[in-house]
Structures are given as structure tokens and as C-alpha cells.
Amino acid sequence: MSIAQDQVVAIHYTLRNDAGEVLDSSSEGEPLTYLHGHGNLIPGLERELAGHVTGDKLSVKIAPADAYGEYDAELVQRVPRRALKGIPNISVGMRLQAQTEHGPRAVTVTQLQGDLVTLDGNHPLAGQRLNFEVEVGEIRAATAEELAHGHVHGPGDHHHH
Ligand code: ZN
């Protein structure tokens, strides 16, 4: 069986940036299991995985546009600290939900300067090329329930309706 739409696929992966730093990795022993073709992985990685079979190892570079998007300077805003009152101990690197003109959005505090706090609404990996080492594990057909939900169910999965 090779990886195609509506299959449940287990992968082991290590993600590095262009500097070679490990950004993420499937946790020890536990593969990442996902439903192929439902937007659960970044588009570039799904495309590279399609057609592969269990045991395949691949090394892929994915451009920002096929990963977390290009960096958008318009998503950076500076606000006075008083706009964030109620949030104690604001520090660089903190992730917050901010109200923006486009609704609530996850932002990262990237700079503190005097009374001003810089909030960046880009995904932390926006603008970065991603380098994945992937090994394909088990592949199986999805259940009807998984297809209806658009994600994988299984041991250790989240519980929901
Ligand atoms: Zn579900």
C-alpha cells in the first residue's frame, strides 16, 4: 500500500532549519500518525510523501510557501503595554492571543522597548525553509469515522465527539 488520499500514515520525522538546528521531531518511539489528504500536515510534506511505502526514507526541503507561509511584515504590530494589562510578566518569546482587526490571532512577543511591546502574528516558522528527514511507518485505510472527522483516531488520541 502506498500513501494516497484518505490513508492513515505513521511517520517518524526530524525537522531542521537551514542552520541544521532540530526544530521538531517525532517523540521517542512514537511516530506521528496523520490522515493523508486532509490538510493535517503542511502541503509540501504531504505532496512529498504521496506514493511512498512503508520503510521508505526521504529527505526533503520545503519552501516557505509550501510550509508555514512567507513572512508577512504587516502581521507585526507594536502596542503600548497597557493594551496587554491583565497579562503578567510579559517577556520576549511569550505566545499570546491578541485581538486584531482580523479577529483573535496567536502572536509572539518579539521585542520590549520602553512602553512598547512588539507582537508578531506570523507563525514562528513563517519564512523558513524546512528540512525534513522522514521514515514512513505503517499505512492503513482510514475508518469512516476518521474520514468524517478529517483526522486520525487511535490509542492516545484526543477524546471528543
Ligand atoms: Zn475525531
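Is Arg-129 buried, partly exposed or exposed? In this predicted model, Arg-129 comes out as partly exposed, with a relative accessible area of 37%. That makes a handy way in, since Arg-129 also takes part in a salt bridge with Asp-18, where the closest N and O atoms are 3.1 Å apart. The two partners come from distant parts of the chain: Asp-18 sits in the loop between β1 (7-16) and β2, Arg-129 sits in the loop between β8 (116-120) and β9 (130-141), and their positions lie 111 residues apart in the count. Asp-18 is partly exposed too, at 48% relative accessibility.

Stepping back to the overall layout, the protein chain is assigned two domains, with domain 1 covering 7-68 + 126-149 and domain 2 covering 73-120. Domain 1 is thus written as two stretches of chain, 7-68 and 126-149. Taken over C-alpha atoms, the centres of domain 1 and domain 2 are 31 Å apart.

Back to the charged pairs. The structure has 4 salt bridges in total, and the one between Asp-18 and Arg-129 is among them. Another joins Arg-82 and Asp-115, with 4.0 Å between the closest N and O atoms. Arg-82 belongs to the loop between β5 (76-80) and β6 (95-100), while Asp-115 belongs to the loop between β7 (103-113) and β8, so this salt bridge ties together parts that are 33 residues apart in sequence. As for how open the two ends are, Arg-82 is exposed at 61% relative accessibility, whereas Asp-115 is partly exposed at 42%.

A further salt bridge brings together the side chains of Arg-140 and Glu-146, at 2.9 Å from N to O. Here the two ends fall into separate classes. Arg-140 is partly exposed, with 30% relative accessibility. Glu-146 has a relative accessibility of just 1%, and because anything under 20% counts as buried, Glu-146 goes into the buried class.

Aromatic rings come next. The structure contains 1 aromatic pair. It is made by Tyr-13 and Phe-132, whose ring centres are 6.2 Å apart and whose planes meet at 55°, so the pair is classed as tilted. Like the salt bridge of Asp-18 and Arg-129, which links distant parts of the chain, the ring pair spans a long stretch of sequence: Tyr-13 is in strand β1 and Phe-132 in strand β9, 119 residues apart. Both rings belong to buried residues, with a relative accessible area of 13% for Tyr-13 and 6% for Phe-132.

Then there is the run of strands β6, β7 and β8. Strands β6 and β7 pair in the antiparallel sense over 6 bridges, and a hairpin of 2 residues joins β6 to β7. Within this pairing, Gln-99 stands opposite Pro-104 in β7. On to the next partner: β7 also pairs with β8, again in the antiparallel sense, over 5 bridges. The hairpin of β7 and β8 has 2 residues between the strands as well, and Gly-114 in that hairpin takes a positive phi near 55°.

What does Thr-108 touch in this part of the model? Thr-108 is found in strand β7, and its bridge partner in β8 is Asp-120. Leaving aside residues up to four places away in sequence, Thr-108 touches Gly-93, Met-94, Arg-95, Thr-118, Leu-119 and Asp-120. One of these, Arg-95, also makes a polar contact with Thr-108, side chain to side chain, at 2.7 Å. With 14% relative accessibility, Thr-108 counts as buried.

Finally, a look at a residue at the other end of the accessibility scale. Glu-28 lies in the loop between β2 (22-25) and β3 (32-35). Its relative accessible area is 82%, and since exposed means over 50%, Glu-28 is an exposed residue. The C-alpha atom of Glu-28 is 9.2 Å from that of His-12, a residue 16 places away along the chain.

Terms used
Residues numbered from 1 in each chain as written. Predicted model: local features only at pLDDT ≥ 70, side-chain atom pairs only at ≥ 80, totals over all residues. Heavy atoms only, no water. Domains from an automatic or database assignment. Helix = DSSP H or I, 4+ residues; strand = E, 2+ residues; numbered from the N terminus. Buried < 20%, exposed > 50% of the residue type's maximum accessible area, 1.4 Å probe, protein only. Polar contact = N/O pair within 3.5 Å; in protein donor to acceptor, adjacent residues only side chain to side chain. Contact = heavy atoms within 4.5 Å. Phe/Tyr/Trp six-rings, centres within 6.5 Å; stacked < 30°, edge-to-face > 60°. Pairing = 2+ DSSP bridges.
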